[in-house]
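Take a moment with the sequence and the model below. We will go from a single residue to the core, and then along one helix.

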Amino acid sequence: MRKAEIILAILCLTGFILNLTGIPGGNILTILSFTFLSMFYFYLGYVVLNNIPLRDMFKKQSYADISGLRIAGSVVAGFILSLALIGIEFKLMMWPGGSGVLFSCITGFVLLGLISLIKYLKDYNVFYRNLLIRVVVIGAFILLFVVNPKVVMDIKYRNNPELLEAIKASDADPDNEKLQQKVNEEFEKMERQETGR
């Protein structure tokens, strides 16, 4: 189970880098890897976070040493991690709603981080250490997007200042159809340059 999580995390990081550099396939890899890792945490978060092997997921003795409160907490933690990954995916793809999703999970992340840190410092439990690592890594991306929401756009279109300026102008006045048309024209111009047509 841990191997699957690590592979998906590496694919997410690779998709993130490819997406920002504009290398073909970056968007598809970003969408697939972030979506699958998000589903992984959403549906199997309590199993992954409690370090239960997938083959033992339905065996009662796998949960014998785990309190009901910790299982409930790991279900909530899986949901928060999943929601954060969807928000990051939306921000990377510059889809609407990404900022709202990230802002909605900030409180959950802060609480999750504080509880994990306090519990880990209290008895050095591996469960809380691993949860804290996940919270810090994913939280760093959330912080990046919350502090500088245009960072993806600035990096992704750094070689195309006309498009970047058109997007920023359109974002400032979203009801202006002329500005939206200008963005579409700049995207088409960029695509023609990339494909050589």
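A residue counts as buried when its relative accessible area is under 20%. Keep that cut-off in mind. This is a predicted model, so every value here is computed from its atoms.

Start with Val47. Val47 lies in helix H2. Its relative accessibility is 0%, so Val47 is buried. Now look across to Tyr128. The two residues are 81 apart in sequence. In space, their C-alpha atoms are 14 Å apart.

Next comes the core. The largest nonpolar core has 36 residues. Ile88, Phe109, Ile138, Ile142 and Phe145 have the most contacts inside it. Six helices each give two or more residues to this core: H1 (2–21), H2 (26–49), H3 (68–93), H4 (98–123), H5 (126–147) and H6 (151–156). H2 gives the most, with eight residues. There is also a second, separate core of eight residues. Met153, Leu164, Ala166 and Met190 are among them.

Which residues does Ile142 touch, leaving aside its neighbours within four places in sequence? They are Ala84, Ile88, Leu102, Cys105, Ile106 and Phe109.

Now follow H5. This helix has 22 residues. At 1.5 Å a residue, H5 should span 32 Å, and its end C-alpha atoms are 31 Å apart, which agrees. At the N-terminal end, Asn125 acts as a cap. One of its side-chain oxygens lies 2.8 Å from the backbone nitrogen of Phe127.

Which residues of H5 are buried? The list runs Phe127, Tyr128, Asn130, Leu131, Leu132, Arg134, Val135, Ile138, Gly139, Ile142 and Phe145. An α-helix has 3.6 residues a turn, so residues three or four places apart point the same way. The buried residues of H5 pack against H1, H2, H3, H4 and H6.

Finish with the rings. The whole structure holds nine aromatic pairs. In one of them, the ring centres of Phe127 and Tyr128 lie 4.8 Å apart, with the planes at 80°, so this pair is edge-to-face. Both residues are buried. Phe127 has a charged partner too: Arg70 lies over the face of its ring, 4.2 Å from the centre. Elsewhere, Phe42, Tyr43 and Phe79 form one aromatic cluster.

Definitions and conventions
Residues are numbered from 1 along each chain as its sequence is written. This is a predicted model: local features need pLDDT of at least 70, side-chain atom pairs count only at pLDDT 80 or more; totals for chains, interfaces and linings use all residues. Side-chain values use heavy atoms; hydrogens and water are left out. A nonpolar core is a set of buried Ala, Val, Leu, Ile, Met, Phe, Trp, Tyr and Cys residues joined through side-chain atoms within 4.5 Å. Buried means under 20% relative accessible area, exposed over 50%, partly exposed in between (1.4 Å probe, protein chains only). Helices (H or I, at least four residues) and strands (E, at least two) are DSSP runs, numbered from the N terminus. Contact means heavy atoms within 4.5 Å. The expected span of a helix is 1.5 Å times one less than its number of residues. A polar contact is a pair of N or O atoms within 3.5 Å; within protein, one must be able to donate a hydrogen and the other to accept it, and residues adjacent in sequence count only if both atoms are side-chain atoms. Rings of Phe, Tyr and Trp (its six-membered ring) pair if their centres lie within 6.5 Å; planes under 30 degrees apart count as stacked, over 60 as edge-to-face and the rest as tilted. A charge sits over a ring if NZ of Lys or CZ of Arg is within 6 Å of the ring centre and within 35 degrees of the ring normal.
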